[in-house]
Amino acid sequence: MMCAMTESESFTTFRLRPHWLQYVIDQLPWLVICCCGFLIAGDEELPYRQFLLYAATGLLLYLIYQAIDFARIEYIVTGEQLVFKHGVLFHSSDYMELYRVVDYQENRSPMQQLTGLKSVTLLSGDRSLPKLTLRGIRGSSRIIDQIRIRVEYNKKRRGIYEITNRF
């Protein structure tokens, strides 16, 4: 997809958002409990019905807040850095310089395997952001390949070489 870059060429910036099924995977136990709470609270003869209704409503409000928080997540990959934007009331942006990335991991939980999603973790030498996990990425996405090309380009451009201790 991408070929080797010369200094005159530049990388295009792309944006990623986690798939909505990742929210369902993350919140599945709470979604089930909330639905069951409302269903059980529908029984007029149930003792403590009002308490159960309040608890289910509180849980629903929590799930709505989590859905808004999840919808605000955005990963922006530029030619030199990865930006992680998140937050509802306090919107934050975390920056990871690509030349500092030292390793990549790709994980798939059983639920992610069923839904065709994955989590990509980038490990870096940055003190403020040593680990960044991109959750809910489509399984067919070749995001690691795209980031790796940019990482290698930035390391070469800055003259950074990795020294390893091998036996």
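## A walk through the predicted model

Start with helix α4, residues 143-158: this helix lies across β5, β6 and β7, and runs at about 175 degrees to β5. Keep in mind throughout that you're looking at a predicted model.

**Stop 1: the sheet under the helix.** Now hide α4 and select the three strands. They make an open sheet in the order β5-β6-β7, with antiparallel pairing. The edges belong to β5 (101-107) and β7 (131-138); each has a single partner strand, so one side of each goes without a neighbour in the sheet. Look along the sheet for its twist: on average, neighbouring strands are turned by 20 degrees against each other, direction ignored.

Zoom in on β5 and β6 (residues 117-124). The two run antiparallel and are joined by 6 bridges. For one concrete spot, pick glutamate 106, whose bridge partner in β6 is valine 120.

**Stop 2: a lysine in the helix.** Bring α4 back and select lysine 155, which is found in that helix. Is lysine 155 buried or exposed? With a relative accessible area of 11%, lysine 155 counts as buried, because the cut-off for that label is under 20%. Show what surrounds the residue: leaving aside neighbours within four places in sequence, lysine 155 is in contact with Tyr99, Val101, Val102, Ile160 and Glu162. Try a distance label to valine 101 as well: the C-alpha atoms of lysine 155 and valine 101 are 9.3 Å apart, while the two residues are 54 apart in sequence.

**Stop 3: strands β1, β2 and β3.** Next, select strand β2, residues 74-77, and show side chains. Glu74 and Ile76 point one way, Tyr75 and Val77 point the other way, and all are buried. Now add the neighbours. Strand β1 (residues 14-16) runs antiparallel to β2, with 3 bridges joining them; here leucine 16 stands opposite tyrosine 75. Strand β3 (residues 81-86) also runs antiparallel to β2, joined by 4 bridges. In that pairing, glutamate 74 has lysine 85 of β3 as its bridge partner. Follow the backbone from β2 into β3 and you'll trace a hairpin that connects them through 3 residues.

**Stop 4: aromatic rings.** Switch on the rings; there are 3 aromatic pairs to find. One of them is tyrosine 23 with phenylalanine 70, a tilted pair at 5.9 Å centre to centre with 50 degrees between the planes. Tyrosine 23 sits in helix α1 (residues 20-41) and phenylalanine 70 in helix α2 (residues 49-71), so this pair ties together parts 47 residues apart in sequence. Both tyrosine 23 and phenylalanine 70 are buried.

Then go back to tyrosine 75 and add phenylalanine 84. How do these two rings pair up? Their centres are 5.4 Å apart and their planes meet at 15 degrees, so the pair is stacked. Tyrosine 75 is buried at 1% relative accessibility, and phenylalanine 84 is buried too, at 15%.

**Stop 5: the cysteines.** Finish by selecting cysteine 35 and cysteine 36. How many disulfides does the structure hold? The count is 0. Cysteine 35 is in no disulfide, and its nearest cysteine sulfur, in cysteine 34, is 5.7 Å away. For cysteine 36, the closest cysteine sulfur is that of cysteine 35, at 7.0 Å, which is too far for a bond. Color by accessibility to close the stop: cysteine 35 counts as partly exposed at 47%, and cysteine 36 counts as partly exposed at 36%.

Notes: Residues numbered from 1 in each chain as written. Predicted model: local features only at pLDDT ≥ 70, side-chain atom pairs only at ≥ 80, totals over all residues. Heavy atoms only, no water. Disulfide = S-S within 2.5 Å. Buried < 20%, exposed > 50% of the residue type's maximum accessible area, 1.4 Å probe, protein only. Pairing = 2+ DSSP bridges. Axes fitted to C-alpha atoms, helices over the stretch in contact; angles between N-to-C directions. Contact = heavy atoms within 4.5 Å. Phe/Tyr/Trp six-rings, centres within 6.5 Å; stacked < 30°, edge-to-face > 60°.
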